[in-house]
Amino acid sequence: MTTEVRSQRSAARSAATLFGVAFLLVGVLGFIPGITAGYGDLHFAGHESGARLFGVFTVSVLHNLVHLAFGVLGLVAARGNGGARAFLMLGGGVYVLLWVFGLAMNHDSPANFIPVDDADDWLHLGLGVAMIALGITTTAIDRRRGQYPEPEIQGQ
């Protein structure tokens, strides 16, 4: 049974990989004219950026770079069970905080340096809740499979 447990990829690692790839994809798409409407109005940072990913989400060079960095972080974290869980839970917490930040500030103020808009705010909430929920759910799945705590910690 130990061989079966170790050969099966953990649910947490799979979820972190999925989110990492998604963030990388969104980061790259933010630099592609046509997919990003108003590409000529793409600024490095700040609320003046007029570029909109899929015509909906305000983006800037900084915003795209943050997505790329978050994607790389997700893929690196997915190399281990603990890192994957931490990425899902802490990353989800960061996105919930971004949602609160977006709701609390005036989107036309200099504080909106990333930039974010109403669509981004609600997407951040959805991402945050989904990541935290997956962090909890995948831990339960991995526990049921005998993968949490890791087999090495269990002494198997």
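Confidence comes first, since this is a predicted model. The protein averages a pLDDT of 90, and 90% of its residues score at least 70. The start of the chain is another story: over residues 1-6, pLDDT stays under 50. For that stretch the model has eight contacts beyond four places in sequence.

As for the overall build, the protein has six helices and three strands. Going along the sequence, the pattern reads α-α-β-β-β-α-α-α-α. Of the 156 residues, 40% count as buried. Contacts often span a good stretch of sequence: among those between residues at least 6 apart, 64% join residues at least 24 apart. On the outside, the protein exposes about 8000 Å², with carbon and sulfur atoms supplying 69% of that area.

Now for the inside. The largest nonpolar core has 14 residues, and the members touching the most others are F19, F23, F70, F87, Y95 and M131. Helices α2 (11-29), α3 (61-77), α4 (81-104) and α5 (118-145) each put in at least two residues of this core. The largest share, five residues, comes from α2.

F87 gives a handy view of how this part of the model is put together. Leaving aside residues up to four places away in sequence, F87 touches A16, F19 and F23, along with F70, L73, G74 and A77. G92 and M131 are also among the residues that F87 touches. There is a second core as well, separate and made up of six residues, with L29, L42, L53 and F57 among them.

How values were computed
Residues are numbered from 1 along each chain as its sequence is written. This is a predicted model: local features need pLDDT of at least 70, side-chain atom pairs count only at pLDDT 80 or more; totals for chains, interfaces and linings use all residues. Side-chain values use heavy atoms; hydrogens and water are left out. A nonpolar core is a set of buried Ala, Val, Leu, Ile, Met, Phe, Trp, Tyr and Cys residues joined through side-chain atoms within 4.5 Å. Buried means under 20% relative accessible area, exposed over 50%, partly exposed in between (1.4 Å probe, protein chains only). Helices (H or I, at least four residues) and strands (E, at least two) are DSSP runs, numbered from the N terminus. Contact means heavy atoms within 4.5 Å. pLDDT is the predictor's confidence in each residue, from 0 to 100. Accessible areas come from the Shrake-Rupley method with a 1.4 Å probe; for residues, only the protein chains shown count as cover.
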